[in-house]
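Here is a short briefing on one protein chain. Keep the sequence and the model open as you read.

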Amino acid sequence: MKYCNSCRKLHNDNEQTCNECKKPLNTIEDNNTPVFLISAEGFEKDRIIAALADAGIPSDIKRQKKDNSANAVTGIDMSDLNILVPFQAYEKAYDICVGIGAIKEEGEKIIEDGEYETSNEQGLDKQFEQINGGSKAGRIVLAVMLLILIALAVFGTDAITGFIGNLFSGS
């Protein structure tokens, strides 16, 4: 496996120059050589580093570009940071990043906000019907019957107490 000594990205053995910075590639001789994993910023960077630390993978950060004007205006460092990991831990680190959704593998569909697959999903009304064995009309009938029972309980209690009151007051 080869890597670029400048940007630290991995390349195939048959490549001679880096696709990014056009510098000659070196062969990895030490398994602890830091190699590029992913670029991230802000919370995403912290999330990736925490996931790697939880798995016992050491990581380092290399600043990709520094935008001084944005930093001066906002007070927030908005530059992209490259996360580097040891070559021997690259595959495990890559799998962790795929697992937490930081890296999307080829062919994996990325669902955008508001875009959901509904082909196999049923609506909530259908799911409720399957769970309760009733339809929407059946639920309405049950609700009306419940209201009638509540009304009978309230008015029936008044009628019974009135009847009992009349029995004792009439004597």
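Which residues make a nonpolar surface patch of about 500 Å²? They are Ile140, Val144, Ile148, Leu149 and Leu152. Bear in mind that this is a predicted model. The points below go from the overall fold to single residues.

**Overall layout**

- The chain has 5 helices and 6 strands.
- In sequence order, the elements run β-β-β-β-α-β-α-β-α-α-α.
- Of the 171 residues in the chain, 20% are buried.
- Take the contacts between residues at least 6 apart in sequence: 53% of them join residues at least 24 apart.
- The chain exposes about 12,500 Å². Carbon and sulfur atoms supply 55% of that area.

**The surface patch**

- Ile148, one of the patch residues, sits in helix α5, which spans residues 136-169.
- Ile148 has a relative accessible area of 46%. That value makes Ile148 partly exposed, because the partly exposed class lies between 20% and 50%.

**The nonpolar core**

- The largest nonpolar core holds 18 residues.
- The residues with the most contacts inside this core are Leu37, Ile38, Ile48, Leu52, Ile57 and Val85.
- β4, α1, β6 and α3 each give at least two residues to this core.
- β4 makes the largest contribution, with 4 residues.
- Ile38 touches Ile48, Leu81, Asn82, Ile83, Ala102 and Ile103, leaving aside neighbours within four places in sequence.

**Helix α3: two sides**

- Helix α3 covers residues 90-99, and its buried residues are Ala93, Ile96 and Cys97.
- Seen down the axis of α3, these buried residues fall within an arc of 100°, so they line one face of the helix.
- The general rule is that an α-helix has 3.6 residues a turn, so residues three or four places apart point the same way.
- Glu91, Asp95 and Gly99 are exposed on the other side of α3.
- What do the buried residues of α3 pack against? They pack against β4 (34-40), α1 (42-54) and β6 (81-86).
- Gly101 follows α3 and has a positive phi, near 85°.

**Salt bridges**

- How many salt bridges does a search of the whole structure find? It finds 3.
- Lys9 pairs with Glu20 in a salt bridge, with the closest N and O atoms 3.8 Å apart.
- Lys9 lies in the loop between β1 (2-4) and β2 (10-11), while Glu20 lies in the loop between β2 and β3 (25-27), so the pair ties together parts that are 11 residues apart in sequence.
- Glu20 counts as exposed, at 54% relative accessibility.
- Arg47 forms a salt bridge with Glu44, and here the closest N and O atoms are 2.9 Å apart.
- Both Arg47 and Glu44 lie in helix α1. They are 3 residues apart, about one turn of the helix.
- Arg47 is partly exposed, with a relative accessible area of 27%. Glu44 also counts as partly exposed, at 27% relative accessibility.
- Lys45 and Asp46 meet through their side chains in a salt bridge (3.0 Å, N to O).
- Lys45 is at 16% relative accessibility. Lys45 therefore counts as buried, since the limit is under 20%.
- Asp46 is partly exposed, with a relative accessible area of 43%.

**Positive phi outside glycine**

- Arg8 has a positive phi of about 70°, although it is not a glycine.
- Arg8 is found in the loop between β1 and β2. Is Arg8 buried or exposed? Arg8 is buried, with a relative accessible area of 18%.
- Lys22 has a positive phi of about 60° and is not a glycine either.
- Lys22 lies in the loop between β2 and β3. Lys22 is exposed, with a relative accessible area of 59%.

**Points to take to the model**

- For the core, start at β4, which supplies the largest share.
- For α3, view the helix down its axis and find the face lined by its buried residues.
- For the loop between β2 and β3, look for Glu20 and Lys22.
- For the surface patch, look along helix α5, where Ile148 lies.

How values were computed:
Residues numbered from 1 in each chain as written. Predicted model: local features only at pLDDT ≥ 70, side-chain atom pairs only at ≥ 80, totals over all residues. Heavy atoms only, no water. Patch = residues over 30% accessible without salt bridge, like charges linked within 9 Å, V, L, I, M, F, W, Y side chains within 5 Å. Areas by Shrake-Rupley, 256 points an atom, 1.4 Å probe, with all protein chains shown as cover. Salt bridge = Lys/Arg side-chain N within 4 Å of Asp/Glu carboxyl O. Buried < 20%, exposed > 50% of the residue type's maximum accessible area, 1.4 Å probe, protein only. Arc of directions from axis to C-beta. Contact = heavy atoms within 4.5 Å. Core = buried A, V, L, I, M, F, W, Y, C linked by side-chain atoms within 4.5 Å.
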